[in-house]
Amino acid sequence: MVHHTARLPDLLRAWRATAGKKMQRGKPLPQKEVAERMEVSERWYRNLESDAGVPLTPDALTRLSDALALGPDERMALYGNVHAGANGAGAHAPDPEDGAGPRCALAELLATQEQFPAYLVDRSWDILGHTGTMAVWFPWVLEPGANLLRWVLTSSEAREQLADWPGHASVYLAQLRFALVTSKGEGPLAALLDEVLADRECRSLWGQDLNVIAYRQGHRFRLRLPHVSADEITVTSQVLLPAYRQEIRYVLLLPQKTRRTPS
């Protein structure tokens with residue numbers, strides 16, 4: 001198995017480059033400047049970026065995030081990576097005693113939303129449940145072992161049905177990178193990454209940047225589903241996370257209402 005997960009030093013170098021672009025420097029933000037912004041020694045920061053086991057306190061994480069001008073997804077990835085390194089798990093709250101409760105509640109919520117495509121996925125993007133409308137729009141969810149990310153990134157059907165497939169693929173790869181970073185790239189996620197990177201186009205997109213995206217909340221995109229509509233369908237994704245079980249995602253696809261032209 002080949003591992004392509006991004007380590008914290010890799011992310012820090014990529015984020016310094018991004019910070020330089022944001023500040024219109026034309027080059028990555030120097031290590032020395034990041035250290036000055038954090039009010040630490042340059043040696044301390046160099047050790048951090050060389051993976052020398054520098055401890056990161058909550059205050060240091062905040063100053064590091066500010067120094068690199070990180071956005072919300074990058075901050076979540078940073079905190080999740082450090083938490084995973086310290087505790088061997090992702091940045092999620094401990095499960096309550098009744099861990100099945102949130103999932104059952106979301107399953108009941110699915111049953112009330114038959115009007116729209118909606119589904120439940122776990123941290124590895126395995127389909128845990130779906131509405132009947134989701135199955136009509138995307139029959140692949142009925143297959144044993146259905147996995148959203150595998151379908152999006154490796155199937156020819158997804159390339160036909162998702163308008164601007166490369167854009168979708170880039171976003172899902174960034175989400176996969178976030179999950180890998182905050183879980184130290186272990187278990188099913190690592191195997192899923194190997195499977196995805198066996199695809200030439202995905203491998204090319206994966207190597208283009210080190211973007212991380214936590215969730216695809218409020219994303220608007222177009223679908224080509226001739227078995228549902230002769231016209232392209234524009235939908236917006238809404239993502240819900242249950243308290244204490246944030247590795248489960250409830251995703252609702254809300255179609256855009258068609259505007260009637262005045263007669």
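This text walks through a predicted model, from the whole chain down to one strand and its partners.

Start with the whole chain. The protein chain has 263 residues, and 44% of them count as buried. Its secondary structure consists of twelve helices and five strands. The accessible surface of the protein chain comes to about 13800 Å². Carbon and sulfur atoms account for 52% of that surface.

Next, look at how the protein chain meets itself. Take the contacts between residues at least 6 apart in sequence. Of these, 54% join residues at least 24 apart.

Now turn to strand 1. This strand covers residues 118-121. Is each of its faces buried or exposed? Both faces are covered. Ala118 and Leu120 lie on one side, and both are buried. Tyr119 and Val121 lie on the other side, and they are buried too.

Strand 1 has strand 2, residues 127-130, as a pairing partner. The two run antiparallel, joined by three bridges. Within this pair, Leu120 stands opposite Gly129 of strand 2. So far as the backbone path goes, strands 1 and 2 form a hairpin. Five residues sit between them. Trp125 is in that turn, and its phi is positive, at about 70°.

Strand 1 also pairs with strand 5, which spans residues 249-255. How many bridges join strand 1 to strand 5? There are four, and the two strands run antiparallel. Val121 has its bridge partner in strand 5, namely Arg249.

Put the pieces together around strand 1. Leu120 faces Gly129 across the pairing with strand 2, while Val121 is bridged to Arg249 in strand 5.

Terms used: Residues are numbered from 1 along each chain as its sequence is written. This is a predicted model: local features need pLDDT of at least 70, side-chain atom pairs count only at pLDDT 80 or more; totals for chains, interfaces and linings use all residues. Side-chain values use heavy atoms; hydrogens and water are left out. Buried means under 20% relative accessible area, exposed over 50%, partly exposed in between (1.4 Å probe, protein chains only). Two strands pair if DSSP finds at least two bridges between them. Contact means heavy atoms within 4.5 Å. Accessible areas come from the Shrake-Rupley method with a 1.4 Å probe; for residues, only the protein chains shown count as cover.
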